[in-house]
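Please open the structure in a viewer and keep the sequence at hand. The tour below proposes a series of selections and describes what is found at each.

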Amino acid sequence: MIIVHEYSFRMAEHKLFNVLLKTLNPRFDSVSRVTIRNDCIKLFTSEKKKLKEMFNSVGKICLTKDLWTSNQTIGYMCLTAHYMDMDWQLQKRIISFCGLPPPHTGLAIADAILQCLIDWGIENKVCTVTMDNASTYDTAIRNLKDNFFLKGTLYFNGRIFHVRCCAHILNLMVQDGLDEIRGVIENVRESVKYFKMSPTRLHKFTEIVRQLQLPTSRRLILDVPTRWNSTYKMLEPALFFKEVFPRYAERDPNYRWLPSIDDWNKAQEVCKFLEVFSEATLAFSGSEYPTSNLFLPEVWRI
């Protein structure tokens, strides 16, 4: 329970938690957070040993890597192994989730990946590595390829070793397009921002939604400049509530960004355009099924 629900180890010492367990089982003996921590580490070690043994029966492994910086400016790297099991079922396991100190150079990333592979004993089984399309990652891939080439474990002479993330390619395409049409949806974005910045305004907006007997389960969403799909998620509910905007404007003289009919028509077209990219991104982001065969049909559809 501690691991599954990500509770702190200190929860084992909470008074009411112990009262609950004692009620369920009068023979229960309280344990300290240190004991819980040690038990969790033992379980992790045991499960890691089982996974290592299972990797011995796997022929080839494909890796996906993600790297990001938290709001505490701490860098993290997640490495996931994808493989076919003995029953030809697609499987995936996170084999590393670790802090990556700056600078996040290509060499540092390559070293962190190699260290993880050596730790798991799968450094000779890597077939492909999927990364984003940044120059830093190109450097990391070159270092990894050189390492595997010297060991004679570079499959297909490295022609398919670096798989560029299709979802990231789509992201770059849409970001470039959105930069050209920012002004088209400016009034819609500023309106949503205006409502979201004040609980009072948002409450008044919701009251109008109820008066029009529209579903209150849907919410306005403000987009994030660095994530194109958030623009799609912003436009979709805004278009749904477009009848609310002019009624709100009648009640708030400070509201100055009421979209015109032309603005709504343009937002509708942009939303339709982004919907195609959103569906393609969802298809590419699947982890329970192969996705490489989906790239060409989805790009052709776009």
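**Helix α10**

Select residues 261-284, which form helix α10 in this predicted model. At 1.5 Å a residue, the 24 residues of α10 should span 34 Å, and the end C-alpha atoms lie 35 Å apart, so expectation and model agree.

Next, colour the buried residues of α10: Asp263, Trp264, Ala267, Val270, Cys271, Leu274, Phe277, Ser278, Ala280, Thr281, Ala283 and Phe284. What do the buried residues of α10 pack against? Display α5 (166-180), α6 (186-196), α8 (228-240), α9 (244-249) and α11 (295-301), for these are the helices they pack against.

**The pair α8 and α10**

Keep α10 in view and select α8 with it. The axes of α8 and α10 are 9 Å apart, and the two helices pack at an angle of about 130°. The pair is therefore described as oblique. Turn the view to examine how α8 passes α10: the crossing is left-handed.

Show the side chains at this contact. From α8, select Trp228, Thr231, Tyr232, Leu235, Glu236, Ala238 and Leu239. These meet Trp264, Ala267, Gln268, Val270, Cys271, Leu274, Glu275, Phe277, Ser278 and Thr281 of α10. The residues of this contact comprise eleven nonpolar, four polar and two charged ones.

**The loop between α7 and α8**

Move to Arg218, in the loop between α7 and α8. Is Arg218 buried, partly exposed or exposed? Its relative accessibility is 31%, so Arg218 counts as partly exposed. Leaving out residues up to four places away in sequence, Arg218 touches Glu236, Pro237, Phe240 and Phe241. Glu236 has appeared already, as one of the α8 residues that meet α10. For a sense of distance, draw a line from the C-alpha of Arg218 to that of Gln72: the two residues are 31 Å apart in space and 146 residues apart in sequence.

In the loop between α7 (199-211) and α8, select Gln213. Gln213 is not a glycine, yet its phi is positive, at about 60°. Most residues other than glycine have a negative phi. With 72% relative accessibility, Gln213 counts as exposed.

**The loop between β2 and β3**

Trp88 is the next selection, in the loop between β2 (75-84) and β3. Trp88 also is not a glycine and has a positive phi of about 60°. Is Trp88 buried or exposed? Trp88 is exposed, because its relative accessible area is 68%, and the cut-off for exposed is over 50%.

Gln89 lies in the loop between β2 and β3 as well. Its relative accessible area is 44%, and Gln89 is therefore partly exposed. Apart from residues up to four places away in sequence, Gln89 touches Tyr83 and Met84. The C-alpha atoms of Gln89 and Leu67 are separated by 27 Å, and the two residues are 22 apart along the chain.

**A cis peptide bond and helix α3**

Now select Pro102 and Pro103. The peptide bond from Pro102 to Pro103 is cis, with omega near 0°. Most peptide bonds are trans. Pro103 is placed in the loop between β3 (90-99) and α3 (106-120).

Proceed to α3. This helix has 15 residues and reaches 21 Å from its first C-alpha to its last, close to the 21 Å expected. The buried residues in α3 are Gly106, Ile109, Ala110, Ala112, Ile113, Leu114, Cys116, Leu117 and Trp120. They pack against α2 (33-55), β1 (61-69), β2, β3, β4 (126-131) and α4 (135-151). Just after α3, Gly121 takes a positive phi of about 75°.

**Helix α2**

Select α2 next. Its 23 residues should span 33 Å at 1.5 Å a residue, and the end C-alpha atoms are 33 Å apart, in agreement. Ile36, Cys40, Leu51 and Phe55 are buried in α2, and what covers them includes β1, β2, β3 and α3.

**Phe161**

The final selection is Phe161, in the loop between α4 and β5 (162-164). At 1% relative accessibility, Phe161 counts as buried. Which residues is Phe161 in contact with, leaving aside its neighbours within four places in sequence? They are Val126, Cys127, Thr128, Val129, Ile141, Leu144, Lys145, Phe148 and Leu154. Phe161 and Leu63 are 98 residues apart in sequence and 9.9 Å apart in space, C-alpha to C-alpha.

Technical notes
Residues numbered from 1 in each chain as written. Predicted model: local features only at pLDDT ≥ 70, side-chain atom pairs only at ≥ 80, totals over all residues. Heavy atoms only, no water. Helix = DSSP H or I, 4+ residues; strand = E, 2+ residues; numbered from the N terminus. Expected span 1.5 Å × (residues − 1). Buried < 20%, exposed > 50% of the residue type's maximum accessible area, 1.4 Å probe, protein only. Contact = heavy atoms within 4.5 Å. Axes fitted to C-alpha atoms, helices over the stretch in contact; angles between N-to-C directions. Parallel < 35°, antiparallel > 145°, perpendicular 65-115°, else oblique. Left-handed = near helix turned anticlockwise from the far one by under 90°. Nonpolar A, V, L, I, M, F, W, Y, C, P; charged D, E, K, R; others polar.
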